[in-house]
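Here is a short tour of charged pairs and nonpolar packing for you to follow at your own screen. Please have the sequence and the 3D view open side by side.

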Amino acid sequence: MCRCCYPPSCPTSMAGAGGGGNDVQWCFSQVKGAIDDDVAEADIISTVEFNHSGELLATGDKGGRVVIFQQETENKSQPQCRSEYNVYSTFQSHEPEFDYLKSLEIEEKINKIRWLPQKNAAQFLLSTNDKTIKLWKISERDKRPEGYNLKEEDGRYRDAATITTLRVPVFRPMDLMVEASPRRVFVNGHTYHINSISVNSDNETYLSADDLRINLWHLEITDRSFNVVDIKPANMEELTEVITATEFHPHQCNTFVYSSSKGTIRLCDMRASALCDKHSKLFEEPEDPSNRSFFSEIISSISDVKFSHNGRYMMTRDYLSVKIWDLNMENRPVETYQVHEYLRSKLCSLYENDCIFDKFECCWNGNDSVVMTGSYNNFFRMLDRSQRRDVTLEASRESCKPRQVLKPRRVCAGGKRKKDEISVDSLDFNKKILHTAWHPQENIIAVATTNNLYIFQEKMN
Amino acid sequence: MEDIKPEETKVEEQKDEENKVCPEKLEEAKLKAKYPLLGNKPGGSDLLRKRLQKGPKYFDSGDYNMAKAKIKNKQLPAAQTEKTEITGDHIPTPQDLPQRKPSLVASKLAG
């Protein structure tokens, strides 16, 4: 069976799922970021992540900054108005550094942000660039002590001779201040570039993966980390694949997976051995050798792997498709969805302009029934597993009226272009949606274009 | 002549079908036509090693800092005039010097 025609009835122009029945209709809610077309490199969004309750939404950018948005508490008098996300905190997480040994710059770009489950009043997140992972504490301060005996209100010390009475300092309310402070800095764990981090369900440890190694850290310990996977060959000339992503299982604290540039996923069990070089399961779809081309391996490289919330499935994203795997079946995925199959006949130019190496992420909705991933031309795809339907939507400034319903978009691969369709050659390959996130419980999605963050919500009746 | 023609068209048809069925191979042919020296193994160690080392290599930290300064100056011409006012006139004190990172601008997402 030819790989490019699976499933056999896959259309080259995307069918819209429109409205009706149980289909969700998506509406514009908010857009964050500058409108101008002149994008400074530092403003390029590099990661988007909701926290475990969905109340907070964090973004990281190429300039090493983190911006956290908070969902406003719902306005009971206006139930149609879904709560909005407003800026809660922003801070500089990482700064550029120079690696003196290798004479290379260490970019401050935030590669990934992962939230810790909330344990107390403060919020914690891990943010990482290529080399260093930091644990940030975000806490609120809404009162301050006043009435010290030895200090003035501005901090200057009072002359002891002028003090004639004593008073008891009291806490007085103040304007809410949100402070972010780095609590742990995990350095020198990685020779190569960190591509992912994943917090364990035990809420004590986390994984960090670079191109060739995966380390296990304890959140409290910064001067040591344990190497659990090492695929570096003794002779670098023999290098055939690199690690592209890793994730802990959502419930089993001993299980994690990592994906490779060759399209395989390995599941490892830390109970089996301390060093997980030998996998417990290897997920790989057999390939028809007669269909192999120069591009086969490149487009099979997995750019993202995500467990389903229920922990029974995992989803992988390669250049042209999204695959759902049952953890109990290693020899092939249970579902395959084409994201933008019309690009298969453009691989030559996509290789020349390096777009073929773009790393798209993917995400699940709260009940694992729909998955989402980005594409080019600021399109993103919603793939409904339960209804076997898919729709292509666009994040565009032209659909920014409040609660405006997004219209399905269609791409014409060839032949006569129908009205409302866009031809493949008109797609803007500089407008890529690499990062998307789905609220853990509600139908609220965050979609990052190059430098803008769009928030879409389900249409409320 | 009549006998040869049908065979030729048959081969052409087969090729067309193959190309229709496998656009990937068609694209590969395009690429090889443009870059005849391209090796057969794209996922090989060369590509991966290039991936492992991303970013330009600098001669040393001085080279790096000079390059960074050039970029900063391009982005903020206002800050540059500040600097020229200070030097040459008097020995600067720490208060006079511009902050080490004047370009630390808040994210536009927070605007």
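A:Asp142 is a good place to begin, with a relative accessibility of 40%, which makes this residue partly exposed. Please keep in mind that the model is a predicted one. Across all chains, 35 salt bridges are counted, and the notes below pick out a few of them before turning to the nonpolar cores.

**A salt bridge between partly exposed partners**
- A:Asp142 pairs with A:Lys143 through a side-chain salt bridge, with an N to O distance of 3.6 Å.
- A:Lys143 is partly exposed as well, at 45% relative accessible area.

**Salt bridges that link distant parts of chain A**
- A:Arg213 and A:Asp230 form a salt bridge at 3.1 Å, N to O.
- This pair lies 17 residues apart and ties strand β14 (residues 213–218), home of A:Arg213, to strand β15 (residues 221–230), home of A:Asp230.
- A:Asp230 has a relative accessible area of 25%, so this residue is partly exposed.
- A:Glu394 and A:Arg409 also meet in a salt bridge, where the closest N and O atoms are 2.9 Å apart.
- Here the separation is 15 residues: A:Glu394 sits in strand β27 (residues 389–394), while A:Arg409 belongs to the loop between β27 and β28 (410–412).
- Is A:Glu394 buried or exposed? A:Glu394 is buried, because its relative accessible area of 19% falls under the 20% cut-off.
- A:Arg409, at 21% relative accessibility, counts as partly exposed.

**A salt-bridge network**
- Shared partners join A:Asp43, A:Asp61, A:Arg65 and B:Lys108 into one network of salt bridges.

**The largest nonpolar core**
- Which residues touch the most other members of the largest nonpolar core? In this set of 23 residues, they are A:Tyr319, A:Leu343, A:Leu350, A:Ile356 and A:Leu427.
- Two elements of chain A, α1 (296–300) and α2 (347–352), give two or more residues to this core.
- Of the elements, α2(A) gives the most, with 4 residues.
- Leaving aside residues up to four places away in sequence, A:Tyr319 has contacts that include A:Ile299, A:Leu343, A:Leu347, A:Leu350, A:Ile356, A:Phe360 and A:Tyr376.
- A:Ser301, A:His340 and A:Asp358 are also among the residues that A:Tyr319 touches.

**A second core**
- A separate core holds 17 residues, among them A:Phe28, A:Met382, A:Tyr454 and A:Phe456.

Technical notes. Residues are numbered from 1 along each chain as its sequence is written. Chains are lettered from A and ligands numbered from 1 in the order in which they are written. This is a predicted model: local features need pLDDT of at least 70, side-chain atom pairs count only at pLDDT 80 or more; totals for chains, interfaces and linings use all residues. Side-chain values use heavy atoms; hydrogens and water are left out. A salt bridge is a side-chain nitrogen of Lys or Arg within 4 Å of a carboxyl oxygen of Asp or Glu. Buried means under 20% relative accessible area, exposed over 50%, partly exposed in between (1.4 Å probe, protein chains only). A nonpolar core is a set of buried Ala, Val, Leu, Ile, Met, Phe, Trp, Tyr and Cys residues joined through side-chain atoms within 4.5 Å. Contact means heavy atoms within 4.5 Å.
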